[in-house]
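Open the structure in your viewer and keep the selection panel handy. We will go from one stop to the next, looking at what sits beside what.

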Amino acid sequence: MNELARKYYNIFQSQDEVKHYYSPGRVNLIGEHIDYNGGLVFPAAISIGTHGIVGKRNDRMIHLFSANYPLEGVFKISLSDLSFQKEHGWANYAKGILDELIERGYQIPFGFNLYVEGDLPTASGLSSSASLEVLISFIANDLYQLGLTRVEMALLAQGVENDYMGMHCGLMDQLIIACGIKDHALLMNTATLEMTPSRAKFDGYEIVIMNTNYKRKTTDSKYNERVCECSTALKQIQNHFQIDYLCDLNPKQLMKIETIVKDKTLFNRVKHVVTEQDRVITAMIAMKNGDAKWFGSLLNASHESLKNDYEVTGLHLDLLVEKALKYGAIGARVTGAGFGGCAVALVEIGLIKQLIDQVGKEYLELTGITPDFYQVTFEEGVHIIDNA
Ligand code: GLA
């Protein structure tokens with residue numbers, strides 16, 4: 001019996017037969033805030049994530065416990081009332097998935113106990129919530145034999161995030177967490193859902209994730225504001241251009257767009273989206289050429305654009321990126337939604353230790369916060385672990 005199963009038995013005081021599931025987090029290498037604009041993104045599933053130990057119940061209750069929120073105790077929820085309730089905190093993600101499945105007419109004839117434990121920092125841009133949502137979708141699919149594909153599970157999880165939790169995110173996080181491939185990042189076309197695996201490796205360099213440990217409470221509302229700005233701009237542009245998404249535009253068209261989208265802020269949002277899409281395309285060429293420095297310079301340009309045009313970085317992220325570049329990174333940028341959370345840096349292997357020490361020291365001096373650093377591997381998407 002594994003350690004997590006033991007904890008399950010301890011919490012639920014039962015000897016049920018259990019299954020062990022695992023859902024990774026993700027890091028996005030380039031292509032930020034364009035997954036809801038039909039753009040290309042380049043994320044990977046990573047070696048930190050969320051475990052779930054599940055045992056069937058023979059009533060219509062779900063009992064949910066998270067070792068990450070132990071003080072919240074065991075939520076005991078009936079399958080006949082799955083409405084969102086603020087005081088149910090993280091458990092709302094599980095409720096939302098089951099609620100949506102029932103709404104769609106799937107048979108959910110019995111409940112389950114779920115023990116959750118994860119090592120993803122929450123609200124840090126590494127997709128702890130998508131990891132949980134996809135975990136629950138995968139568990140439900142397995143437990144109730146729903147026959148959903150991985151892409152369908154990702155879409156289900158995204159729908160819950162959008163409509164049940166009220167965060168109008170794109171599909172990137174859920175899709176990579178559902179479909180990740182070991183040792184690969186995936187180039188994802190968010191308009192067609194086509195995915196192309198790539199080893200995303202440069203000889204002599206590694207990706208280091210840097211966590212600002214700075215959490216802003218307004219991330220969801222600011223995020224939704226950006227989504228809304230993009231759709232407003234798209235509508236204005238569609239009066240002149242036949243496009244489905246902002247990412248259907250190319251940088252050469254920006255001069256004309258400036259005369260259509262007259263609001264400066266809105267125009268800057270479009271500028272970020274269009275140039276970011278172009279950077280992803282160029283980054284793929286840099287990778288094919290094995291040109292780490294070129295790839296790094298695109299990471300830097302992405303950060304500048306997210307800072308100045310899209311305005312989703314902030315002092316803490318900017319500082320980490322600036323210090324990382326000072327201490328040996330050849331490229332660095334915010335990853336994920338921004339407004340705090342994490343950045344990624346591409347660093348020569350021999351300089352990683354110095355970078356972590358020096359950036360950690362100077363960031364602490366300037367902000368009073370100790371940052372965290374993670375060196376992760378790229379892993380497969382959500383799956384069953386056969387050792388419960
Ligand atoms: C969050 C969202 C994603 C994506 C990123 C920004 O992680 O969940 O859909 O938009 O922000 O690229």
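Start with the sheet in this predicted model: select strands S10, S11, S9 and S12, and you will see four strands in that order, forming an open sheet with antiparallel pairing. Which strands stand at the edges? They are S10 (329-334) and S12 (372-374). Each has a single partner strand, so one side of each is left without a neighbour in the sheet. Now turn the view to look at the twist: on average, neighbouring strands here are turned by 25° against each other, direction ignored.

Next, zoom in on S9 (residues 205-211) and S11 (residues 342-348). These two strands run antiparallel and are joined by seven bridges. For a landmark, label Ile 207, which has Leu 346 of S11 standing opposite.

Keep the sheet displayed and add residues 292-308. This is helix H9, which lies across S9, S10 and S11. Relative to S10, helix H9 runs at about 30°.

Now move to a pair of helices: select H2 (residues 91-103) and H4 (residues 150-164). How do they pack? Their axes are 9 Å apart, at an angle of about 110°, which makes H2 roughly perpendicular to H4.

Show side chains where the two helices meet. On the H2 side, pick residues including Tyr 93, Ile 97 and Leu 101; on the H4 side, the contact residues include Leu 156, Val 160 and Tyr 164. Colour the whole contact by residue class to finish: the residues divide into seven nonpolar, two polar and four charged. Among the residues in this contact are Lys 95, Asp 99 and Glu 100 from H2, and Glu 161 from H4.

How values were computed
Residues are numbered from 1 along each chain as its sequence is written. This is a predicted model: local features need pLDDT of at least 70, side-chain atom pairs count only at pLDDT 80 or more; totals for chains, interfaces and linings use all residues. Side-chain values use heavy atoms; hydrogens and water are left out. Axes are lines fitted to C-alpha atoms, for helices over the stretch in contact, and angles run from 0 to 180 degrees between N-to-C directions. Angles under 35 degrees count as roughly parallel, over 145 as roughly antiparallel, 65 to 115 as roughly perpendicular and the rest as oblique. Contact means heavy atoms within 4.5 Å. Ala, Val, Leu, Ile, Met, Phe, Trp, Tyr, Cys and Pro count as nonpolar, Asp, Glu, Lys and Arg as charged, and the others, Gly among them, as polar. Two strands pair if DSSP finds at least two bridges between them.
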